[in-house]
Structure formats: C-alpha cells, structure tokens
Amino acid sequence: MSSQVSGHLPVADDRAVRRYVAQLARRHPRMLYGALSLHVGAALAALAAPRLLGDLVEAVQNGTTTGHVDRIVGVLAAFLVVQTVLTRYARYLSQVLGEQVLAELREDFVDSTLALPVGVVEEAGSGDLLTRTSRDVDQLGWSIRMALPEWTIAVVTAVVTFVAAISVGWWVALPCLLGVPPLVIGLRWYLRRAKDGYLRESATYSRINATLTETVEGARTVEALGLGRRRIAAADEDIEASYWAERYTLYLRTVFFPNMEIAYLVPTVATLLFGGYLYTQGEVSLGAVTAATLYVQMLIDPVDRIVSILDELQLGAASLARLLGVAQVPDDREVSGREPAGEQLEADDVRFSYVEGRDVLHGVSLDVGVGERIAMVGPSGAGKSTLGRLLAGIHPPRTGAVTVGGVGLVELPLDDLRGHVALVTQEHHVFVGTMRENLVLARPGASDDDVRSALDAVDALDWVDALPEGLDTEVGSGGRAVTAAQAQQIALARLVLADPHTLVLDEATSLIDPRAARHLERSLAAVLEGRTVIAIAHRLFSAHDADRVAVVEDGRISELGSHDELVATGGSYAALWESWHGRG
Ligand SMILES: Nc1ncnc2c1ncn2[C@@H]1O[C@H](COP(=O)(O)OP(=O)(O)O)[C@@H](O)[C@H]1O
Ligand SMILES: [Mg+2]
C-alpha cells in the first residue's frame, strides 16, 4: 500500500490516491452533479453557434431576406447569453465544491499529522512534514481550486463538442481521429519525461537556496577561514546545474507544444478537405461542411486545455499522494480499554532500538514504588533519556512492557496516558493563542479557578496577573514574548493541570539561565510534591537524597539501590561519587 523509505514518511500509491479521490467525490454528490450539469448545459449552449452559422451559410447561398438573417443573429445572441449565465454558475459551484473538499482534506491531514507517533516524526525529521504541510498543501490547493474545475469544464466541453460534430455527419469522425495519434504519441513522450524534469528543476532551486542560506548563516566562519571563493564556486555550480535542468524542460516544451499544434491543425484541415470533397460529390451540403469545420475548430481549445492542465493535475496527484502517505504511518498504540489498577509504574525486560538491529536498551527492568524518588545517573549515551521516554510512554518498547497499574502504557489513549505519567524536559513550547488556551490544553474544560491555582502553585500567578489582559493575553509567536523561564513555568502549570501521579524529569532545568534557576526550582519542587519522580541527572535532589539510585551503563541498569548501599558496594556509583567528592 505504501513505500516507506527509512527516515521518510510514506507516500501513498496510485490506487490509494484514486480510492481517496472517489471517496471525496462521493461526499458531496449534489454539488458535484449540479456543477457537472451546469457545465454540460453551458457546453450545449455553445454548440448552437456553428449550427446556426451553418444554416446561415446555407440560407445565404440559397438566397434569403435580411429579416431572416437578423432572426438567426438574434437567436445566436440569446444562446450566447444563456451560455454565459450557465458558465458563471457552473464555475461558482465548482469553486465552492473545491474549497469544501480542500477544507476537508486539510482537516484529514491535520488529524493524521497529530496522530503520528512521536518516534516517527523524530525519525523523519520535521523538514519532510513541514514541506508536506506547506508546499504540498499549496500545490494541491491550486490543483483543486483552479486546475480541476478547468479540466472538468474542458473535458465536458470536448465530449459535448465531439458529439455535436459527429451529429453533423458520421464522416466528421474520420478527420477527428487523424489528430489522435500525434496527440497520444506527443503526450506520452512528454509526460514520461516531464515529471522527473520538473522535479529535478525544483530540486536545483532548493539546492541553490540551501547553499545560499548556509553561506549567509555561516558568514563569520566563511570570512574567518577565507572560504569566500569556494562558496562562490559552490553557488556557481548550483546555478549551472539549475541552468541545465531548466534547459532540459525548455527542450521538452519546444518539442511538445509545436507537436501539439500540428495535432490540433490536422483535424481542421482534414475536415475542410474531406468535407469539400464530399460536397463536390454532392454527398453533403455547404452548411454541413461549415458547421463541421467550426465544431472541429471548437474542439481545439478544450483539448488544448485538457493537455496542458494534465501536467498540473499530475503535480497535484503527487502532492495528494504525499499528504495521504502521512495517514498510512502505522499507529504504535493499541488502545485496549483496560483501566490501570493503581499507580505503580513498572518496566519489565524492556528492549528498544532507534535503528533496526541496534538495541540501545538491553532488557531493562525497574519497579518504581508509588511516591518513590529515583535518580538515574550514568555516562552520556548510556540510554538514560531513552529509558525515560519509554517510562513516559513516548516510545513503545520493542519487546518487554512498561505498565502502570498492570496496564501497558501503549494500551492507554494518549489523553489518559498524560494523566498518569508525564515527561518533563527543557524544551517548552508556547503555542500561539491566549495564556488560558496555552494552559487548558493540558486539561480541556479546566475552569479559570483551576488555571489560576495551577499558576499559583508554580509561582507564576503574579506575572500572569500583571499581563495587560491577564489570562486573555495573546502569547506565542506574534503575541507577547515570554522569557524562557516563564515558558518553563507555563509548562509546569500545565503539568499541575494534567495532574499525573508520576513524572520523569530529563535534565529538566539544566539549560535555564542560572539567575532564574533558583526560582524555577522552587516552582518545580511544588510540582513534584506528592508525586512519584524519576529524575535523570538532575541537581534538584541529588542522587544522595533520592530513595534509590539507578546507574545506567551501556543500555542496562548496572546498579540499583540507595545511595549508601551503592557507595558501600564499591561499584561504578561509588567510583563516581568518589570522583565528585574527592574523598581520600
Ligand atoms: N533519536 C535517536 N535516533 C537514533 N539513535 C539515538 C536517538 N536518540 C538517542 N540515540 C542513541 O541511543 C543511545 C542512548 O542515548 P540516550 O538515551 O540519549 O542516552 P543518555 O540520555 O544516557 O545520554 C545513544 O547511543 C544515542 O546515540
Ligand atoms: Mg540524555
């Protein structure tokens, strides 16, 4: 169903895209068929002209009155008005339908993006997801708003016009068919090369941007090391690659479009010649030849649009495939509906790998007592953060289980999980929105009193009340700026609202400005009060004060016990302790 390149989000295949498009079309049958019938009506009204002009030629040839000519011209004008009005409403309805479909698509995409397992997002990198949310959504928006309605109109018009042309006489089909081979051959030649050509072209643009940004961002380094010439040479190379990529697509167009012109002209000329021949044989009237030629001539425009929009639609389909791919990432949670019995957190023989075949945790077991404080120490890269993320349910273990009250963390819906155990790191995001919105996202439905007492608990109520509009103050990018320490307090207040019984701290305050650190540690201490805590390399309560210390080395818990026990054992912890305190 999908092709998952390691490190990239999947891309849906053609079948999945077709299935989704069919399903979208079925969601709004009335608007869809309404727009289609209006388009057919408009196309039919447009067909009157050649017939009437044919009649006119016939009448003039046989001798007629000016009154008759005026009448025909009057009818012509009436049809033109009808066509204009129908076209207007057909387009209006198509646009409304397009916007509706686009809005639904966006919602589907947001849903599937938010449902992505954290591990998948991390592995793919935010770049891919960002490109999909921005460039692919834009591209698709363009296709649905502009290309798809235009294409539908063109197809309807072409079909209706062709039917009208052969209704003049079956012989008209023959010249029309003559145009098909050059059209099909040209189109196949072009489409087979165009997609790669244009993809390569945009890749060279990205490359130019990347090199340029790198040079500008690293300007000091470039200057310091005298890399100027080399950077210029690199930019020149990128521009040259881009030049050749553009030349290639230009070549494709210079072959393709003239070829298409011929494919369009052949039927018109053939109709004239063939019709003229039939007329000299007395098989058809002059009016019929006129009408047939005009119809065939009228076919050129919609066919040309069908061909040129096909390109756009292909790009739109590629974007849709990339957007749908996001929904195809398998969920790493299996909600079971079982309720945890108690607050006991337990890891049982847990193994985990980021890269297939390379475990970074090798069978870790840990029973965390309710209300216990565990300090996790060990060398960098030993797997402390990884174990912390598994204990907080962010990654599911490859084998083994992490349970709370006997229920696996992966079995809990995300909203419930956060009420049991939460991970606290030094990354804090303030979302665009009001202060209140930033807080209640941790507990939807929380009252202002709840929010205020949560802020009070982390010592943040004073400065929030001092904001111009209090809880209604807009924060986040574009809103009022908050300091890093304030952002961290917001995060802590969210924790108070979510009220998990267990917290995993991963160097939670280690990057904070030392002047703010004291204050923050007080806030943090208030949040820790009455909860079970697993703290990784944290100075708030030193390993010395923890109930137990877990030493993580090489993906295993190598020592576990109270500070005094571990010092008495004389293992790695004792050595570490000694080197810190320089005893002896
Ligand atoms: N996102 C990741 N992708 C791949 N490997 C990772 C990732 N995060 C950590 N690792 C690897 O897993 C091992 C344990 O890392 P980590 O849990 O961060 O250790 P610690 O927190 O003890 O320093 C290291 O070898 C590290 O390189
Ligand atoms: Mg770490």
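**Strand pairing, ligand shell and domain layout**

V552 has I557 of β14 as its bridge partner. This pair belongs to a predicted model. The strands concerned, β13 and β14, run antiparallel and are joined by five bridges. Together they form a hairpin, with two residues between the strands. D554 sits in that turn. The loop runs between β13 (548-553) and β14 (556-561). The phi angle of D554 is near 55°, a positive value in a residue other than glycine. D554 counts as partly exposed because 13 C-beta neighbours lie inside 10 Å, while burial would need 20 or more.

A second aspartate shows a positive phi. For D499 the angle is near 55°, again in a residue other than glycine. D499 is placed in the loop between α15 (484-498) and β11 (502-506). It has 16 other C-beta atoms within 10 Å, so D499 is partly exposed.

The strand that follows this loop, β11, pairs with β8. The pairing is parallel and spans four bridges. One of the bridge partners is L505 of β11, which is matched with V424. Strand β8 covers residues 421-424. V421 and L423 point one way from the strand, whereas A422 and V424 point the other way. All four are buried.

Burial also applies to V475. This valine lies in strand β10, made up of residues 474-475. V475 is classed as buried because 22 other C-beta atoms fall within 10 Å, against a cut-off of 20 or more. Leaving aside residues up to four places away in sequence, V475 touches V430, M435, N438, R480 and V482. V168 lies elsewhere: its C-alpha is 69 Å from that of V475. In sequence, V475 and V168 are 307 residues apart.

Attention turns to ligand 1. Its shell consists of E122, Y354, V355, V360, G378, S380, G381, A382, G383, K384, S385 and T386. By class, the shell divides into four nonpolar, six polar and two charged residues. Two elements, β3 (345-355) and α10 (384-391), each supply at least two shell residues. The largest share comes from α10, which gives three residues.

At the level of the whole protein chain, the domain assignment gives three domains. Domain 1 comprises two segments, 10-167 and 319-331. Domain 2 covers 170-283, and domain 3 covers 345-581. The centres of domain 2 and domain 3, taken over C-alpha atoms, are separated by 55 Å.

Record annotation adds another level of description. In an unreviewed UniProt entry, the annotation "transmembrane region" covers residues 32-52, 72-90, 148-166, 172-191 and 262-280. Two of these spans were examined in the model. Residues 72-90 are 100% helix and 0% strand. The end C-alpha atoms of that span are 27 Å apart. Residues 172-191 are 90% helix, also with 0% strand. Here the end C-alpha atoms lie 29 Å apart.

Key: Residues are numbered from 1 along each chain as its sequence is written. Chains are lettered from A and ligands numbered from 1 in the order in which they are written. This is a predicted model: local features need pLDDT of at least 70, side-chain atom pairs count only at pLDDT 80 or more; totals for chains, interfaces and linings use all residues. UniProt positions are given in the numbering used here, feature names are shortened, and annotations may be inferred rather than shown by experiment. A residue is buried if 20 or more other C-beta atoms lie within 10 Å of its own, exposed if 12 or fewer, and partly exposed in between; C-beta atoms are placed from the backbone. Two residues are in contact if their C-beta atoms, placed from the backbone, lie within 7 Å. A residue is near a molecule or strand if its C-beta atom, placed from the backbone, lies within 6 Å of it. Ala, Val, Leu, Ile, Met, Phe, Trp, Tyr, Cys and Pro count as nonpolar, Asp, Glu, Lys and Arg as charged, and the others, Gly among them, as polar. Domain bounds come from an automatic or database domain assignment. Two strands pair if DSSP finds at least two bridges between them.
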